[in-house]
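Look through the sequence and the model below before reading on. The paragraphs that follow start with one helix and then move to the whole chain, its core and its charged side chains.

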Amino acid sequence: MSSNTTYQEKGSKIYLFSIVLVAVIGGLLFGYDTAVISGAEKGLQSFFQGAVDFSYTDAVHGFTTSSALIGCVIGAFLSGVLASRYGRKRTLFIAGVLFFLSALGSYYPEFIFFAKGVPTKSLLVAFNLYRVLGGIGVGIASAICPMYIAEIAPSNKRGALVSWNQFAIIFGQLVVYFVNYLIVQSHVNDPAVQEWTTAVGWRVMFVSEAVPAGLFALLILFVPETPRYLALNGQDDKALDVLSKVNGIAKAREILSEIKATAVEKTEKLLTYGWIVIFVGIMLSVFQQIIGINAVLYFAPRIFESMGLGNPMMYTVFMGIINISFTLLAIFTVERLGRKPLLISGSVLMAVGAFGVAFSNVFEVPSIVPVISILVYSAAFMFSWGPICWVYMAELFPNTIRSQATAIAVAFQWISNFVVSSTFVPLYNSSHFLAYAIYGTVCVIAALFVWRLVPETKGKTLEDMTALWLNRKKK
């Protein structure tokens, strides 16, 4: 511990929140990168439909709009190795660099090798590779941002602070919805607006991400490594220094002692605490995706357009505002109500919304009914599965297996995301009713899963999870 450092008795809230603020920019980039395609996909489709050396079919378009998710799976798997070997901070820096390079590459995939503005099969491959690169950044950030916040935050603030990561994800999506809207509006009165969108508009949407990506990569250099990673790697003085700034010196010594009591990351195997902890983590991740939320988020303008609504981009922005409002609801209630009640109630309301949309496609109802149902479905996700799943990813696993277990669970999340996103368009075009009826049924199953198998982690320290899962293993 440095001699010139003066610690407050209870630590510095400003110090803690400034660190969290930087970390959640990674969440904002997560949301920005995954949602930018919603505004760009039509222009992108028109551009590549002009190719003469291959046919740009709906199936190819579905893959292209979802290709970043392949990178997300890769990034999630890599996150565990990177976080254990290089630390949480350096891993987040790597993610920031990947976001930045992907934004530039998606804007100008012709770089060096191809003629600008000429759609070809090879150019499509290059574009998808840049999107995969950004997806790797998303996969890394999605696993490490909540882990970083959880390993910095005091136990009584951890749920709310990790939930801010989900707020940042949704805020990133709202920002990019709004940016996409402004980009389109900037040429709305141009007689050649369609040609501009096909040639330039989608490029501008992608490159806009370079600004927050560069800022994140720069700022992450100024935050500390997490005390749990430092302690697990024999850097006790540095760990105590960070803990003291956050918690005060007395509490810091107590927490460091608890961390050291479980600091055997180098020797414990993944299944040390039984298969059930890994299974619960994986299924939480899988359910967060197969309830279908990203099918709605990625294709929101197309869905609102199919409901006969004018200016679907405006409704998408409105949905983003509602999503942010209900994410704030989770942030301010997660420590009071707990994690399980929010997940269960959210699942039930999502089922109501999904079935509302499904049956609106069977019976003749005013267009406001499916619109409200979609908004209920989305809002319910935002106060439950959206933030709370990430809270569980950060809290659920014991210190000794957290990096590996989180990587596996988040990888399954992105695999599920890819399956849902790539199958939504053909499923939706085949039967609107079937698509939403399936999602509604999965929501009901998710509620039952949480009720029966998921433990409540409210008020528990990260070190408490070791005892919890050891006790479950013995039963």
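The expected span of a helix is 1.5 Å times one less than its number of residues. Helix H4, residues 88-107, has 20 residues, so this rule gives a span of 28 Å, and the end C-alpha atoms are 29 Å apart, which agrees. The model used here is a predicted one. Several residues of H4 are buried, among them Arg88, Leu92, Ala95, Phe99 and Ser106.

Now take the chain as a whole. How many helices and how many strands does the protein chain have? There are 21 helices and zero strands. Along the principal axes, the C-alpha atoms of the chain fill a box of roughly 70 × 55 × 35 Å. A compact globule of 475 residues would have a radius of gyration near 23 Å; the value for this chain is 22 Å, which agrees. Of the 475 residues, 60% count as buried. Among the contacts with a separation of 6 or more, 84% are between residues 24 or more positions apart.

The next topic is the nonpolar core. In soluble globular proteins, nonpolar side chains tend to be buried together. The largest nonpolar core in this model has 149 residues, and those that touch the most other members are Phe48, Leu284, Trp385, Trp414, Tyr436 and Trp469. Helix H1, residues 13-48, gives the largest share of this core, with 19 residues. Leaving aside neighbours within four places in sequence, Phe48 is in contact with Phe54, Tyr56, Pro119, Thr120, Leu123, Leu124 and Phe127.

Some of these partners appear again around Thr64, a residue of helix H2 (residues 58-66). Thr64 counts as buried because its relative accessibility is 1%, and the cut-off for buried is under 20%. Not counting residues up to four places away in sequence, Thr64 touches Leu44, Tyr56, Leu124, Phe127 and Asn128. Gln173, in helix H6 (residues 155-185), also counts as buried, at 5% relative accessibility. The C-alpha atoms of Gln173 and Tyr392 are separated by 22 Å, and the two residues are 219 residues apart along the chain.

Charged side chains come next. Side chains of opposite charge can pair when their charged atoms come close. A search of the whole structure finds eight salt bridges. One of them joins Glu151 and Arg88, with 2.9 Å from N to O. Glu151 lies in helix H5 (residues 121-152) and Arg88 in helix H4, so this pair ties together parts that are 63 residues apart in sequence. Are Glu151 and Arg88 buried or exposed? Both are buried.

Another salt bridge is formed by Arg158 and Glu395, at 3.0 Å from N to O. Arg158 is in helix H6 and Glu395 is in helix H18 (residues 385-395), so the pair ties together parts that are 237 residues apart in sequence. Arg158 and Glu395 are both buried. They also belong to a network of salt bridges that links Arg158, Glu335, Arg339 and Glu395.

Helix H18 also holds Cys389, which counts as buried because its relative accessibility is 0%. Between the C-alpha atoms of Cys389 and Arg339 there are 8.8 Å in space, while the two are 50 residues apart in sequence. Apart from neighbours within four places in sequence, Cys389 is in contact with Leu284, Ser285, Gln288, Ser384 and Gln413. Leu284 was named earlier as one of the core residues that touch the most other members.

A salt bridge can also be found within one helix. Lys251 and Glu254 both lie in helix H11 (residues 249-261), three residues apart, about one turn of the helix. An α-helix has 3.6 residues a turn, so residues three or four places apart point the same way. The closest N and O atoms of the Lys251 and Glu254 salt bridge are 3.4 Å apart. Lys251 counts as partly exposed at 40% relative accessibility, and Glu254 is partly exposed with a relative accessible area of 40%.

The last residue on this route is Lys340, in helix H16 (residues 339-360). What is the nearest side chain of opposite charge to Lys340? It is that of Glu456, 6.9 Å away, and Lys340 is buried yet has no salt bridge. A salt bridge needs the nitrogen and oxygen to be within 4 Å. Leaving aside neighbours within four places in sequence, Lys340 is in contact with Tyr392, Val450, Trp451, Val454, Pro455 and Glu456.

Key: Residues are numbered from 1 along each chain as its sequence is written. This is a predicted model: local features need pLDDT of at least 70, side-chain atom pairs count only at pLDDT 80 or more; totals for chains, interfaces and linings use all residues. Side-chain values use heavy atoms; hydrogens and water are left out. Helices (H or I, at least four residues) and strands (E, at least two) are DSSP runs, numbered from the N terminus. Buried means under 20% relative accessible area, exposed over 50%, partly exposed in between (1.4 Å probe, protein chains only). Lys and Arg count as positive and Asp and Glu as negative; His and the chain ends are not counted. Contact means heavy atoms within 4.5 Å. A nonpolar core is a set of buried Ala, Val, Leu, Ile, Met, Phe, Trp, Tyr and Cys residues joined through side-chain atoms within 4.5 Å. The radius of gyration is taken over C-alpha atoms; the globule rule is 2.2 Å times the number of residues to the power 0.38.
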